[in-house]
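Here's a quick walk through a fold, written for someone who would rather look at residues than at plots. Have the sequence and the 3D view open side by side as you read.

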Amino acid sequence: MKQRILKFIRYVFVCSAVFILLLILVLLSSKDTESSSFNYQSGDCYEAQNDGVYIRHTTRSWKDYFSSVYCMKYNSDLNEYVDAKKDREDYTVYNNGEFYEFWGNLYQELYEQNKDKLNHLVDSLWTIQKEKELNRFDFANMLVCFVQDIPYVYILPDGFECEDQDGATTDCLENVKYGILSPIEFLHTLKGDCDTRTVLLYTLFKQFNYHPKIAVSNFYEHSVLLLDVPATGDYITIETERYYFWETTASNWQAGILPPSTDDISKWEIALF
């Protein structure tokens, strides 16, 4: 009799433990699938990255050039991050000798790989546009400022070391194939250099029916966004339309203003149309 009672107690304990474990997993899963929309007007905005079981929850707060404050929350899926990294590393760009064509082919591939996987972020951006009633130009400012506000991180390919880079206080990633992260990787890690940023912005602006381009310079070893917005300053004309240069690696650079260190337009080529 005593053994049967002990066996029954063990059975109840095991069942209770399994029930509690399943309840915890359900609660975590519910947290992971929460809406990506965020009411930035509530004032409850604290920058953070928190990991669920399979989902990373990111909250970002930033200002545009006119000191308007924005706050956005989005989710990134761990499995999609792993897949995006693998897709980038598995892709091979065949170098035909033209600098801008090499990078254009790579940027196009990263765009194709990632364009349908940014729904959480796109939904959050739609929410901001609607609630703030942003016009085409103001929305572009808001979106570029979002990317500019993310701290710059060197993304280095094989053969380059972080200790050899300028700016000892700047974060750095080594041994990254092609020295670029895809849009999914960038949003998940918040680590990106010039073309990591321009490819993300290119991909997002395409979602919102803009006509972005990406320009590269072998001379400056740099990449910038080109966008057809009403601005003044530095631009390239494509079929009678002006596309203004937009620096994305630091805050407060507005459309049409190239930094003095990269402002010779003859040194730039369009890599991705």
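What follows starts with the whole chain, moves to a sheet and its helices, and ends with a few individual residues.

**The whole chain**

First off, keep in mind that this is a predicted model. The protein chain has seven helices and ten strands. Of its 273 residues, 45% count as buried. If you look at contacts in the chain with a separation of 6 or more, 58% of them come from residues 24 or more positions apart. The chain exposes about 14900 Å², and carbon and sulfur atoms supply 52% of that area.

**A three-stranded sheet**

Now find β1, β2 and β3. These three strands form an open sheet in the order β1-β2-β3, and the pairing is antiparallel. β1 and β3 are the edge strands, each pairing on one side only. On average, neighbouring strands of this sheet are turned by 10° against each other, direction ignored.

As general background, strands of a sheet pair through backbone hydrogen bonds, either parallel or antiparallel. Here, β1 (residues 48–51) pairs with β2 (residues 55–63) over four bridges, and a hairpin of three residues joins the two. To spot this pairing on screen, look for D51, whose bridge partner in β2 is R56. On the other side, nine bridges join β2 to β3. A handy marker there is W62, which has Y70 of β3 as its bridge partner.

**Helices on top**

What packs on the sheet, touching β2 and β3? That's helix α5 (residues 136–148), and its direction makes about 115° with that of β2.

α5 also has a helix partner. α4 (residues 119–132) packs with α5 at an angle of about 135°, with the two axes 11 Å apart. Angles over 145 degrees would count as roughly antiparallel and 65 to 115 as roughly perpendicular, so α4 is oblique to α5. The crossing of α4 and α5 is right-handed. On the α4 side the contact is made by L121, L125, I128 and Q129, and on the α5 side by F139, M142, L143 and F146.

**Two residues with positive phi**

Most residues other than glycine have a negative phi. Two loop residues in this chain go the other way, and here they are together:

| Residue | Phi | Loop between | Relative accessible area |
|---|---|---|---|
| N175 | about 60° | β5 (171–173) and α6 (183–189) | 52% |
| E221 | near 55° | β6 (213–217) and β7 (222–227) | 69% |

Are these two buried or exposed? The cut-off for exposed is over 50%, so N175 at 52% counts as exposed, and E221 at 69% does too.

**T248, a loop residue tucked inside**

Finally, go to T248, in the loop between β9 (241–246) and β10 (269–272). Buried means under 20% relative accessible area, so T248, at 0%, counts as buried.

Which residues is T248 in contact with, leaving aside its neighbours within four places in sequence? They are V147, Q148, C194, R197, T198, L201 and L225. V147 and Q148 bring us back to α5, which covers residues 136–148. As for R197, it sits 51 residues from T248 in sequence, but the two are 6.7 Å apart in space, C-alpha to C-alpha.

Notes
Residues numbered from 1 in each chain as written. Predicted model: local features only at pLDDT ≥ 70, side-chain atom pairs only at ≥ 80, totals over all residues. Heavy atoms only, no water. Buried < 20%, exposed > 50% of the residue type's maximum accessible area, 1.4 Å probe, protein only. Contact = heavy atoms within 4.5 Å. Areas by Shrake-Rupley, 256 points an atom, 1.4 Å probe, with all protein chains shown as cover. Pairing = 2+ DSSP bridges. Axes fitted to C-alpha atoms, helices over the stretch in contact; angles between N-to-C directions. Parallel < 35°, antiparallel > 145°, perpendicular 65-115°, else oblique. Left-handed = near helix turned anticlockwise from the far one by under 90°.
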